[in-house]
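This report looks at how a protein holds its ligand and at the pockets in its surface. Please keep the sequence and the structure in view while reading.

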Amino acid sequence: MVQTEVRSPPLTPLIDDRALPQLGLGVWRTPPEDTAEVVRTALTTGYRLIDTAAAYRNERGVGEGVRASGLRRDEVFVTTKLPNPDHGYDAALQSFERSLKRLGVDYVDLYLIHWPTPARGLYIDTWRALVRLQAEGRARSIGVSNFMVEHLRRIIAETGVTPAVNQVELHPGFQQGDLRAFHVSRGIVTQCWSPLGQGRLLTHPEIARIAARHGKTPAQALIRWHLDCGLMAIPKSAHAARIAENFEVFDFRLDEADMAAIARLDDPNGRIGFDPLRV
Ligand code: NAD
């Protein structure tokens, strides 16, 4: 019998000299009461990065799942995010304490500002709080989410500190070429949310064709596309079989023809989630 080798996700280096797994599990909309078991299952499957947020209301379950996995704390990477109402220097520091308490950990591996909320005008002060948390060692890496080029330029210019990561909506239907090029120019790593297009891309005929050619599922082809683009991805599932399926992506690669076909699916108006300028 041929055994399929399930390898660990490669680590992506960050500008702060740390590194994060290229593939992780997202837990947005995973019910709080199910989260501990979902996280434990994912970690047992081989995932090492879990992406939560204060706004998902399941940080407690994430912490429980990490502890139930039997893995050492330093073998797991936990990301959480600062919620929009808690922008501002002091409010951000206090919000971080509450997240740590809910998670039951004394540091997170990656702390992100969830949205720039530019209308409030507080993301620079908020970022200064994250810089302090990193200096204290309690947020090992710091970054942002849903920041556009104009927001990134401002925080870098005004604080001198470049976010290690920008977590944004990115999938074949919305490929964010300009933002990715800016990230590369500043050493910012792109982490992709909704890599499966919230499930909508799973039935796209081109994705199905490419997946079938490799003997893989559409979800696996989509995740492989992110990895082959050098992007990080955090697909979500709360089902053990899909959690495993989404992790079995380290035994194949897309070829040039596949990549060219997927490049043609890009739509600059293909955003599915919220527009960062309106949140
Ligand atoms: P996704 O693209 O990961 O799609 C998830 C959906 O796809 C699931 O609900 C499920 O219905 C389906 N699915 C997953 N695996 C499947 C499989 N193998 N076969 C069939 N169907 C499958 O969408 P998402 O949840 O929006 O994004 C992933 C993660 O990104 C979130 O859980 C969250 O952690 C993060 N996220 C962050 C932000 C942000 O603002 N920073 C916004 C949205 C999501």
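## Polar contacts of the ligand

In this predicted model, a backbone N or O atom of Trp 28 lies 3.0 Å from an oxygen atom of the ligand, and a polar backbone atom of Gly 197 is found 3.3 Å from an oxygen atom of the ligand. The side chain of Asn 246 also takes part, with an N or O atom that is 2.9 Å from a nitrogen atom of the ligand. Taken alone, the ligand would expose 830 Å², and the protein buries 88% of that area.

## The shell around the ligand

The ligand is surrounded by 26 residues, of which Asp 51, Ser 145, Asn 146, Ser 194 and Leu 196 are the closest. Sorted by class, this shell is made up of 11 nonpolar, 10 polar and 5 charged residues.

## The largest pocket

Where in the protein does the ligand sit? The ligand is placed in the largest pocket, which holds about 800 Å³ of space. This pocket is lined by 35 residues, and those closest to its centre are Trp 28, Arg 29, Ser 194, Gln 198 and Lys 236. Trp 28, listed here beside the centre of the pocket, is also the residue whose backbone N or O atom lies 3.0 Å from a ligand oxygen atom, while Ser 194 is likewise listed among the residues closest to the ligand.

By class, the lining of the largest pocket divides into 16 nonpolar, 13 polar and 6 charged residues.

## The second largest pocket

The second largest pocket contains about 190 Å³ of space. Its lining is formed by Ala 54, Ala 55, Arg 57, Asn 58, Glu 59, Arg 60, Pro 83, Asp 86, Ser 95, Arg 98 and Arg 102. The elements that contribute two or more residues to this lining are α2, spanning 59-68, and α3, spanning 89-103.

Which element gives the most to the lining of the second largest pocket? That element is α3, with 3 residues. When the residues of this lining are grouped by class, there are 3 nonpolar, 2 polar and 6 charged ones, whereas the lining of the largest pocket has 16 nonpolar, 13 polar and 6 charged residues.

Key:
Residues are numbered from 1 along each chain as its sequence is written. This is a predicted model: local features need pLDDT of at least 70, side-chain atom pairs count only at pLDDT 80 or more; totals for chains, interfaces and linings use all residues. Side-chain values use heavy atoms; hydrogens and water are left out. A residue is near a molecule or strand if one of its heavy atoms lies within 4 Å of it. A polar contact is a pair of N or O atoms within 3.5 Å; within protein, one must be able to donate a hydrogen and the other to accept it, and residues adjacent in sequence count only if both atoms are side-chain atoms. Accessible areas come from the Shrake-Rupley method with a 1.4 Å probe; for residues, only the protein chains shown count as cover. On a 1 Å grid over the protein atoms alone, a cavity is a set of points where a 1.4 Å probe fits but cannot get out, and a pocket is an open set with protein on both sides within 12 Å along at least five of seven lines; lining residues have an atom within 4 Å of a point. A molecule sits in a cavity or pocket if more than half of its atoms lie within 2 Å of its grid points. Ala, Val, Leu, Ile, Met, Phe, Trp, Tyr, Cys and Pro count as nonpolar, Asp, Glu, Lys and Arg as charged, and the others, Gly among them, as polar. Grid points are joined across faces, edges and corners, and a volume is the space filled by probe spheres set on the points. Helices (H or I, at least four residues) and strands (E, at least two) are DSSP runs, numbered from the N terminus.
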